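Please find below a short note on the structure, prepared for a reader who is new to such models. The points are best read with the structure in view.

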Amino acid sequence: MSSERASGPLERFRTSAERRASGRVLDIGASHPDDLPSYAHLCHLALVGAGEVRASELPLQAEKVDAAPEDLPFPDRAFDVVVCRFALTRAKRPALAVREIARVLRSTGQLLFLDTAPTTRLDVDALMHLRHGGLITHDVDWSWLRSKPPLVQGVAMHPAPQYVREIAWLRGAT
């Protein structure tokens, strides 16, 4: 357990997104311009659910898209990285939101997520939605803040092709 100040996990997430995000990036849930890391290696940035972020505050290669995480208006495999803040548990249909994120994420892409874990089960449901959506999680970390629900953050990706074959073999499907 960690008892960091409120900005600790948020700053760690922003730094991680800054370090990992390159190419075509979808950012879901940036509610304020301060939420956006200084994306240095982008060729395109799409913002979904960008509350107070105005178009004039965006870099030239960015667009603000009015959509819900459950209905993303992008083609399959369109993004190298998806950054998702507090959208997995707040979506009306979280399982559908995860399937949509998995659909628009390239096969070698990464989902960087930060969300609240409001239940005593540490919102294992959100992590299960990722699994059922076809993504596997790495580097999952929980932070306990005073008088606030815990935060969960991590990285999820599509499994490597050999992993998919091995799971099918273990399940008896050939």
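The points below go from the overall fold to the individual salt bridges.

1. Nature of the model and its elements. The model is predicted. Its chain contains four helices and seven strands. Followed along the sequence, these elements come in the order α-β-β-β-β-α-β-α-β-β-α.

2. Burial and surface. The chain has 174 residues, and 44% of them are buried. Its accessible surface amounts to about 9600 Å². Carbon and sulfur atoms contribute 54% of that surface.

3. Contacts along the chain. Among contacts with a separation of 6 or more, 58% are between residues 24 or more positions apart. Two of the salt bridges discussed below also join residues that far apart in sequence, as points 5 and 6 show.

4. A salt bridge within one helix. Side chains of opposite charge can pair when their charged atoms come close. The structure holds six salt bridges. One of them joins arginine 14 to glutamate 11, with 2.6 Å between the closest N and O atoms. Both residues belong to helix α1, which covers residues 7-20. They are three residues apart, about one turn of the helix. Glutamate 11 has a relative accessibility of 39% and therefore counts as partly exposed.

5. A salt bridge between a strand and a helix. Aspartate 139 pairs with arginine 20, and here the closest N and O atoms are 3.5 Å apart. This pair links distant parts of the chain, since aspartate 139 lies in strand β6 (residues 136-143) and arginine 20 in helix α1, 119 residues apart. Is aspartate 139 buried or exposed? Its relative accessibility is 55%, so aspartate 139 counts as exposed, the cut-off being over 50%. Arginine 20, with a relative accessible area of 26%, is partly exposed.

6. A salt bridge between two strands. Arginine 106 and aspartate 80 form a salt bridge through their side chains, at 2.7 Å from N to O. Because arginine 106 is in strand β5 (residues 105-116) and aspartate 80 is in strand β4 (residues 79-85), the pair ties together parts that are 26 residues apart in sequence. Both partners are partly exposed: arginine 106 has a relative accessible area of 30%, and aspartate 80 has one of 23%.

7. A network. Asp76, Glu100 and Arg103 are joined into one network by salt bridges that share partners.

Key: Residues are numbered from 1 along each chain as its sequence is written. This is a predicted model: local features need pLDDT of at least 70, side-chain atom pairs count only at pLDDT 80 or more; totals for chains, interfaces and linings use all residues. Side-chain values use heavy atoms; hydrogens and water are left out. Buried means under 20% relative accessible area, exposed over 50%, partly exposed in between (1.4 Å probe, protein chains only). Contact means heavy atoms within 4.5 Å. Accessible areas come from the Shrake-Rupley method with a 1.4 Å probe; for residues, only the protein chains shown count as cover. A salt bridge is a side-chain nitrogen of Lys or Arg within 4 Å of a carboxyl oxygen of Asp or Glu.
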